Amino acid sequence: MYKSVNTLGAIALIMAIFFAVSANSTETAAGADDQIVILVGIDGLRADAIDRAAAPNMRALAARGVRAEGMTPAMPSKTFVNLYSLATGLHPKNHGIISNYIYDRKIGREMNRGSDINDPRWWGGEPIWVTAEKQGVKTGTNTWLGAEAPIGGVQPTYWNPYKKSHKSEVYAARVDQILEWLDLPDGKNIRLGTLYFSVVDDAAHQNHVNSPQELQAIEMMDKIMGRLINGLKDRSLYERTNIIIVSDHGMADLSPERIINLDPIMDVTPFITPDWNRSRGAAYVAFINLYGDEDGVENAYQKFNGAHPHLKVLRRGAFPEGYHFDHPDREPDLMLLADPGWVIYATEDQTPPPSVLPFLKATHGYHNLHPDMRATFIAAGPSFKKGIFTKPFDNIEVYGIIACALSIKPAKTDGNIQNITHFMTRKCD
Ligand SMILES: [Zn+2]
């Protein structure tokens with residue numbers, strides 16, 4: 001009697017454990033496929049930004065999750081190139097966005113940033129929202145570069161066109177829009193949302209790195225991140241949301257003492273130079289991509305090569321291996337590249353450079369391995385280990401990180417998931 005009661009008790013205990021374990025594993029499996037990702041792009045947020053400005057929300061996220069000492073942008077360290085490398089996990093040579101201003105030999109013209117933004121011919125690769133949508137995960141972009149075009153015939157379920165603004169209330173509304181998409185009933189609600197903000201980049205460009213304006217812009221973004229976090233907490237979504245804050249590139253201060261004036265060397269106006277926006281007058285750029293006929297390009301190479309100690313002259317087909325922007329139709333014939341902190345100057349009418357920089361106090365676009373070009377990576381949520389400060393990694397890994405957190409099968413990328421698995425809590429494909 002005593003023995004059989006004991007046996008029954010043991011059976012009951014085993015069954016209780018069995019049910020507890022199976023209930024728990026079901027919950028874990030469902031939970032694993034239920035994670036949300038909010039990707040936040042803060043343009044020009046240097047890797048050291050949250051150490052220089054009052055940024056309690058972003059610092060707390062970093063402490064709760066993973067922060068990289070820096071994230072390495074693609075070359076050249078420009079906005080379009082890197083927002084799209086972040087989205088696709090591809091090098092520029094494979095996604096085609098090789099600069100902010102692109103010339104395509106096959107299409108036979110420069111990309112128009114107004115009317116071509118929704119033309120899929122310009123956008124290669126497979127952005128993460130396309131991968132997600134193809135696997136039944138609803139996405140909402142508010143906004144991200146490339147999301148206005150149907151790529152492979154697919155767009156986010158919800159997307160808004162990009163409208164430039166630096167107003168705090170507009171930024172708050174962007175966050176609220178993402179929260180509304182999360183609030184939709186099952187089957188309609190998103191699991192991947194993206195946000196993009198340009199205020200920090202503009203503040204640094206116009207006023208220097210570490211200027212009161214740049215610090216204020218970082219603090220404004222931190223408050224906006226606070227709004228996102230509180231919105232998720234109010235909805236009881238915080239525990240299953242991965243917030244990933246990234247930037248596209250860093251920023252380096254300029255000086256009127258560090259101007260490379262091309263005019264006395266050679267007139268570049270006969271060439272196609274998409275990165276020089278002539279409606280703004282003289283060029284003030286980190287690099288000029290130059291397209292032209294064979295003789296003209298050879299002549300330019302001979303004149304510019306060695307003409308200035310802080311100017312590199314790189315030729316089509318002979319770019320350093322790490323650049324990865326030798327796209328067959330878009331690679332420039334020549335790239336004139338300044339050293340970090342130097343600015344290339346050129347005019348249409350030989351006006352000498354001014355003694356004070358007129359509108360550009362800091363910029364980017366320089367060699368992607370320079371420490372000033374390092375971007376931000378901060379991520380926290382159920383897919384990320386806690387309290388990790390990691391070495392710099394390439395931004396082409398971010399696509400794989402998001403795919404892993406969403407538990408979707410990634411497309412082929414230029415990234416290597418093994419580079420980042422040390423800070424993930426889950427197994428990544
Ligand atoms: Zn940018």
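Let's start with helix H9 and its buried residues. In this predicted model, the buried positions of H9 are Glu-214, Leu-215, Ala-217, Ile-218, Met-221, Asp-222, Ile-224, Met-225, Leu-228, Ile-229 and Leu-232. Glu-214 and Asp-222 are on that list.

Next, the length of H9. The helix has 23 residues, and at 1.5 Å a residue it should span 33 Å. The C-alpha atoms at its ends are 33 Å apart, so expectation and model agree. Just past the end of H9, Ser-236 takes a positive phi of about 55°.

Now the partner of H9. Helix H8 covers residues 199-207, and H9 covers 212-234. The two pack at an angle of about 175°, and their axes are 8 Å apart. Parallel or antiparallel? An angle over 145 degrees counts as roughly antiparallel, so H8 is roughly antiparallel to H9.

Who makes that contact? From H8, it is Val-199, Val-200, Ala-203, Ala-204 and Asn-207. From H9, it is Gln-213, Glu-214, Ala-217, Ile-218, Met-220 and Met-221. By type, eight of the contact residues are nonpolar, two are polar and one is charged. Look back at the buried list for H9: Glu-214, Ala-217, Ile-218 and Met-221 are on it.

Between H8 and H9 there is a loop, and His-208 lies in it. His-208 has a positive phi of about 90°, and it is not a glycine. Buried or exposed? Neither: His-208 has 18 C-beta neighbours inside 10 Å, so it counts as partly exposed. Buried would take 20 or more.

Ser-407 is a similar item for the backbone check. Its phi is positive, about 60°, and again the residue is not a glycine. Ser-407 sits in the segment after helix H11, which runs over 398-406. With 19 other C-beta atoms within 10 Å, Ser-407 is partly exposed.

Staying with the backbone, here are two cis peptide bonds. One joins Met-75 and Pro-76, with omega about -5°. Pro-76 is in the loop between strand E3, residues 71-72, and helix H4, residues 79-88. Another joins Asn-142 and Thr-143, with omega about 10°. Thr-143 is in the loop between strand E6, at 139-142, and strand E7, at 158-159.

That brings us to H4. How many of its residues are buried? The count is 10 of 10. The buried residues include Phe-80, Leu-83, Tyr-84 and Leu-86, and also Asn-82 and Ser-85. What do they pack against? Strand E1 (36-42), helix H5 (92-95), helix H6 (128-134), strand E9 (241-246) and H11. Just after H4, Gly-89 takes a positive phi of about 70°.

On to the strands. Take E15, residues 334-338: five of its five residues are buried. Side chains in a regular strand alternate between the two sheet faces. In E15, Leu-334, Leu-336 and Ala-338 are on one side, with Met-335 and Leu-337 on the other. Both faces are covered.

Which strands pair with E15? Strand E13, residues 287-290, pairs with E15 in the antiparallel sense over four bridges. Strand E14, residues 311-315, also pairs with E15 in the antiparallel sense, over five bridges.

Residue by residue, Leu-336 is a good place to look. It is the bridge partner of Ile-288. Val-313 also stands opposite Leu-336. Asn-289 has Met-335 as its bridge partner in E15. E13 itself is covered as well. Phe-287 and Asn-289 point one way, Ile-288 and Leu-290 the other, and all are buried.

Last, a sheet of three strands. It is open, with the order E11-E16-E12 and mixed pairing. Which strands stand at the edges? E11, at 259-261, and E12, at 283-285. Each has a single partner strand, so one side of each is left without a neighbour in the sheet. Neighbouring strands here are turned by 25° against each other on average, direction ignored.

One pairing in detail: E11 and E16, residues 343-346, pair in the parallel sense over three bridges. Within that pair, Ile-259 stands opposite Val-343 in E16.

That's the tour. Questions welcome.

Note on methods
Residues are numbered from 1 along each chain as its sequence is written. This is a predicted model: local features need pLDDT of at least 70, side-chain atom pairs count only at pLDDT 80 or more; totals for chains, interfaces and linings use all residues. Axes are lines fitted to C-alpha atoms, for helices over the stretch in contact, and angles run from 0 to 180 degrees between N-to-C directions. Angles under 35 degrees count as roughly parallel, over 145 as roughly antiparallel, 65 to 115 as roughly perpendicular and the rest as oblique. Two residues are in contact if their C-beta atoms, placed from the backbone, lie within 7 Å. Ala, Val, Leu, Ile, Met, Phe, Trp, Tyr, Cys and Pro count as nonpolar, Asp, Glu, Lys and Arg as charged, and the others, Gly among them, as polar. Two strands pair if DSSP finds at least two bridges between them. A residue is buried if 20 or more other C-beta atoms lie within 10 Å of its own, exposed if 12 or fewer, and partly exposed in between; C-beta atoms are placed from the backbone. The expected span of a helix is 1.5 Å times one less than its number of residues.
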